[in-house]
Amino acid sequence: MIKQQTLQIQTRGRGTYDISRQVERIVHESAVRNGLCHLFIQHTSASLILCENADPSVRDDLEVFMARLIPDGDPTFEHTQEGPDDMPAHLRSILTNMDLTLPISNGRCALGTWQGIFLWEHRTHPHQRQVIATIQGG
Amino acid sequence: MIKQQTLQIQTRGRGTYDISRQVERIVHESAVRNGLCHLFIQHTSASLILCENADPSVRDDLEVFMARLIPDGDPTFEHTQEGPDDMPAHLRSILTNMDLTLPISNGRCALGTWQGIFLWEHRTHPHQRQVIATIQGG
Amino acid sequence: MIKQQTLQIQTRGRGTYDISRQVERIVHESAVRNGLCHLFIQHTSASLILCENADPSVRDDLEVFMARLIPDGDPTFEHTQEGPDDMPAHLRSILTNMDLTLPISNGRCALGTWQGIFLWEHRTHPHQRQVIATIQGG
């Protein structure tokens, strides 16, 4: 059994957005007890990650690290038509991925205690993002 | 329903190769309308990524960034028996992944407008690469 | 058909641990001939990677590279309550992922000759890690 649904996530610009609750709702509605939940973001400048969900400073540190690893406005980048965050957003997305698959056990995503599901917006301006959830199992 | 097929991709050395068309053909031939397409590269020195598919300068910038992050011939690397690009190729593959799962909707990979599927060859010399596609769904 | 099983992996602290044999045993016991094997680590400070399995210097170089990219005790990190390796462990996990999907062909994981499945422990102290394997196929 395969069910597909699209999540619309409005971001307020660069940063991490906890989408665990929306994903759990889709899994719950699917009535799948054991299986897999695949998430896919249809963009090349935002990504999906699992991250520590308790201390917000983890996600602040993520931003600081990424901004240092891939600086906005790096003069070596040629692809800059959408601004200084354009190419960095592509690179950040590729290093952290656009797909994520989670096990479903007993009708819920079998996340560890400290794991949350986050959409990571890499563009500085707000964007509307689409995430396709595909649920499989029985 | 699960169907498996192997793609043979001949690379001309380091660089990104758009394999979207080959993947779409396999999805089309499977006749799956809704499901998932899993791609797996059977190598540790090449990877699979989703990347912006319109402006080739994005992929030029990817190479420049990676060459700076993981320089060929870095003297701190011990694993150099196949040359200065040997260990960098392993590292690049691990940072960008050897597996990729895409949703299938209405008989096609549900990619975003700007998403293309690329094999990223990390060795400087040409290689024959194998990608296993596993299609699930109904 | 979907089967789920949890692997318990005891680590001796930071480093890579070959779990290929344990994964192959689960695939074998599932009796699935063709399908997929999804692996998921329920932690945010350890990850799952595919890596060259022949020369141990590859994995030594991985550690050297990561320690340089994300130094323990970096004073820019705020999230340090569990020590100098706390935030680096989260970052390493996010860059290398907590999920991995492998094709199953002819009753075995269809890995390339040089591909091994490794749990990468990013904390310096030993930890008990849980990996959920979900096997699908027929």
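Copies of a chain are superposed here by least squares on the C-alpha atoms of residues with pLDDT of at least 70 in both. The model is predicted, and this tour moves from the arrangement of the chains down to single residues.

**Stop 1: chains A and B.** Select chain A and chain B together. Chain A is superposed on chain B by a rotation of 120° with 0.0 Å of shift along the axis, at an RMSD of 0.0 Å. The two copies are therefore related as by a three-fold rotation axis. The copies use different surfaces: 14% of the contact residues of chain A recur in chain B. To find the axis from chain A, select A:Leu95, the residue of that chain that comes closest to it, with its C-alpha at 3.6 Å.

**Stop 2: chains C and A.** Now show chain C with chain A. A rotation of 120° with 0.0 Å of shift along its axis places chain C on chain A, again with an RMSD of 0.0 Å. In chain C, the C-alpha nearest the axis belongs to C:Leu95, 3.6 Å away from it. Here too the copies use different surfaces, and 14% of the contact residues of chain C recur in chain A.

**Stop 3: the contact between C and A.** Keep both chains on screen and select the residues that touch across them. Chain C gives 22 residues to this contact and chain A gives 30 residues. On the side of chain C, the elements that supply two or more residues are S1, strand S3 (35–41), helix H3 (86–96), S5 and strand S8 (128–137). Which element gives the largest share of that side? It is H3(C), with five residues. Colour the side of chain C that touches chain A by class: nine residues are nonpolar, eleven are polar and two are charged.

**Stop 4: chain A alone.** Hide the other chains. Chain A has three helices and eight strands, and from the N terminus on its elements run β-β-α-β-β-α-α-β-β-β-β. The radius of gyration of chain A is 16 Å, close to the 14 Å that the globule rule gives for 138 residues, so chain A is as compact as a globular protein of that length. Along its principal axes, the C-alpha trace of chain A spans about 50 × 30 × 20 Å. Of the 138 residues of chain A, 55% count as buried. Among contacts in chain A between residues at least 6 apart in sequence, 83% join residues at least 24 apart.

**Stop 5: helix H3 of chain A.** Select residues 86–96 of chain A. This helix, H3(A), is mostly covered, with eleven of its eleven residues buried. Among them are A:Asp86, A:His90 and A:Arg92, along with A:Leu91, A:Ile94 and A:Leu95. A:Leu95 is also the residue of chain A that comes closest to the rotation axis. Step just past the helix to A:Asn97, which takes a positive phi of about 85°.

**Stop 6: strand S3 of chain A and its partners.** Select residues 35–41 of chain A. Is this strand, S3(A), mostly covered or mostly exposed? S3(A) is mostly covered: seven of its seven residues are buried. Add strand S5 (residues 99–105) of chain A, which runs antiparallel to S3(A) and is joined to it by six bridges. Within that pairing, A:Leu36 has A:Pro103 of S5(A) as its bridge partner. Then add strand S8 (residues 128–137) of chain A, which pairs with S3(A) in the antiparallel sense over seven bridges. In S8(A), A:Ile135 stands opposite A:Cys37.

**Stop 7: the sheet of chain C.** Go back to chain C and show its strands. Five of them make an open sheet in the order S1-S8-S3-S5-S6, with antiparallel pairing. Strand S1 (2–10) and strand S6 (108–109) of chain C are the edge strands, each pairing on one side only. At the S6 edge, strand S5 (residues 99–105) of chain C pairs with S6(C) over two bridges in the antiparallel sense. C:Ile104 has C:Cys109 in S6(C) as its bridge partner.

**Stop 8: the nonpolar core.** Show the chains together again. The largest nonpolar core has 118 residues, and the members that touch the most others are A:Cys37, B:Cys37, C:Val23 and C:Cys37. Finish on C:Val23. Leaving out residues up to four places away in sequence, C:Val23 touches C:Cys37, C:Leu39, C:Cys109, C:Ile117 and C:Ala133. C:Cys109 was met at the previous stop, as the bridge partner of C:Ile104.

How values were computed
Residues numbered from 1 in each chain as written. Chains lettered and ligands numbered in written order. Predicted model: local features only at pLDDT ≥ 70, side-chain atom pairs only at ≥ 80, totals over all residues. Core = buried A, V, L, I, M, F, W, Y, C linked by C-beta atoms within 7 Å. Buried ≥ 20, exposed ≤ 12 C-beta atoms within 10 Å, placed from the backbone. Contact = placed C-beta atoms within 7 Å. Pairing = 2+ DSSP bridges. Helix = DSSP H or I, 4+ residues; strand = E, 2+ residues; numbered from the N terminus. Nonpolar A, V, L, I, M, F, W, Y, C, P; charged D, E, K, R; others polar. Rg over C-alpha atoms; globule rule 2.2 N^0.38 Å.
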